Amino acid sequence: MLETFHHLRLEAVACALPEQTRRVADFADAFGANTTARFQKVVGIEAFPVAPEALHTADLAEAAARALMASGKFRAEAIDLILFVSQTPEAVAPATSALLQARLGLPERVFALDINQGCAGFLAGLLTAAQFVHPGGARKALILGGDTLSRHVNPADPTAAMLFGDAGFAAVIGLTSEQLQAPPWFIASATAGGKAIEIPFGSPFRMAGMDVFNFTVTRVPEQIQDVLRAAGRKPAQIDLLLLHQANAFIVRQIARLCGFSEEQTPCRMMQRGNTSSASLPLLLCDLTAEGLTGRKQVLLSAFGVGMTWLSALLDIDFAACLPPIFLPSPNGKTSTL
């Protein structure tokens, strides 16, 4: 499905990470020095943030939302819709979005919804918010999410134990004013189903790596090209291609297949790992911290669990993005594991 949305803008983005980190090199005793060295070279990860047991996905997302509120990016009473997008919610019930509605002091009139989605979660939230935010409907949506997948991996599985970083995010979607008409958003979505990536009840994360790789480098470039055609754009006319930070090799392959340069396709997972649904907002915040400014035409694409993939073309003003914030352990101690 490919849809066009008018009158929308990304008003604010923030991300929160635990200060505690884990180094890939520290897995050498478990997996061997050659395995960890090859992992760092191919996947592009040297270290990743790890949330301690007392720090949950909802806490990280709440911290990101509070950072936006403190910076004046939005007021609680202005929100009409709150979404929580994650595979690692606060509890089976009630919905984490409802818990965060209360914790953030949002109005009781808001509609709160949880979306169980993986690495494509940020764009799934963006697409869902776009369906609600329109003239005559909701005027402002708060998308919260992230994942703490590091606690759901098998520590003896080298394909997963060194892969996932923990992070949370908050983003605000609003309407443009009549005086400030922004270019339309183009959002494509698709789902092929399947269990190539899964977390069964009572079992750790598992992934059929080659199946995921083959799926990613075939279906995702096709969708990106569909979005470019719908928008009447060529790769050279796009400022940035921001891809889910799955691994550095996949990012390079998709960029090459779609005709984007390395300069157009930043990769920032070296100290982040694969942060699942938070990876795209975290990339926006990291680029802001590096000094990127101004309004850019950005093509975002994410893919993952459920064999779901989404791509979106929109204008982003990087003044809307905050540099990442870091949360200490609840016991006040910060450590590098």
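This report describes a mixed sheet, the helices that lie on it and the aromatic pairs of the structure, all taken from a predicted model.

**The sheet**

Six strands make up an open sheet with mixed pairing, and their order is β6-β5-β7-β8-β2-β15. The edges are formed by β6 and by β15 (325-327), each of which pairs on one side only. From one strand to the next, the twist averages 20°. At the β15 edge, strand β2 (residues 8-18) and β15 run parallel and are joined by 3 bridges; Leu17, for its part, has Phe326 in β15 as its bridge partner.

**Helices on the sheet**

Helix α3 (residues 57-70) lies across β2, β5 (81-85), β7 (140-147), β8 and β15, and runs at about 45° to β8. Helix α5 also packs on the sheet, where it touches β2, β5, β6, β7 and β8, and its direction makes about 160° with that of β5.

**Aromatic pairs**

A pair of aromatic rings is described by the distance of the centres and the angle of the planes. The structure holds 7 aromatic pairs, and two of them are set out in the table with these values.

| Pair | Centre to centre | Angle between planes | Class |
|---|---|---|---|
| Phe111 and Phe132 | 5.8 Å | 40° | tilted |
| Phe122 and Phe169 | 5.5 Å | 85° | edge-to-face |

The pair of Phe111 and Phe132 links distant parts of the chain, since Phe111 belongs to strand β6 (residues 111-115) and Phe132 to helix α5 (residues 121-132), with their positions 21 residues apart in the sequence. Phe111 has a relative accessible area of 42% and is therefore partly exposed, and Phe132, at 33% relative accessibility, also counts as partly exposed.

Why is the pair of Phe122 and Phe169 edge-to-face? The planes of these rings stand at 85°, and an angle over 60 degrees counts as edge-to-face, so the pair falls into that class. Because Phe122 lies in helix α5 and Phe169 in strand β8 (residues 167-175), this pair ties together parts that are 47 residues apart in sequence. Phe122 and Phe169 are both buried, whereas Phe111 is partly exposed.

Helix α5 thus appears in both descriptions: the helix touches strands β6 and β8, among others, while its residue Phe132 pairs with Phe111 of β6 and its residue Phe122 is linked to Phe169 of β8. Elsewhere in the chain, one aromatic cluster is formed by Phe27, Phe31 and Phe48.

Technical notes:
Residues numbered from 1 in each chain as written. Predicted model: local features only at pLDDT ≥ 70, side-chain atom pairs only at ≥ 80, totals over all residues. Heavy atoms only, no water. Phe/Tyr/Trp six-rings, centres within 6.5 Å; stacked < 30°, edge-to-face > 60°. Helix = DSSP H or I, 4+ residues; strand = E, 2+ residues; numbered from the N terminus. Buried < 20%, exposed > 50% of the residue type's maximum accessible area, 1.4 Å probe, protein only. Pairing = 2+ DSSP bridges. Axes fitted to C-alpha atoms, helices over the stretch in contact; angles between N-to-C directions. Contact = heavy atoms within 4.5 Å.
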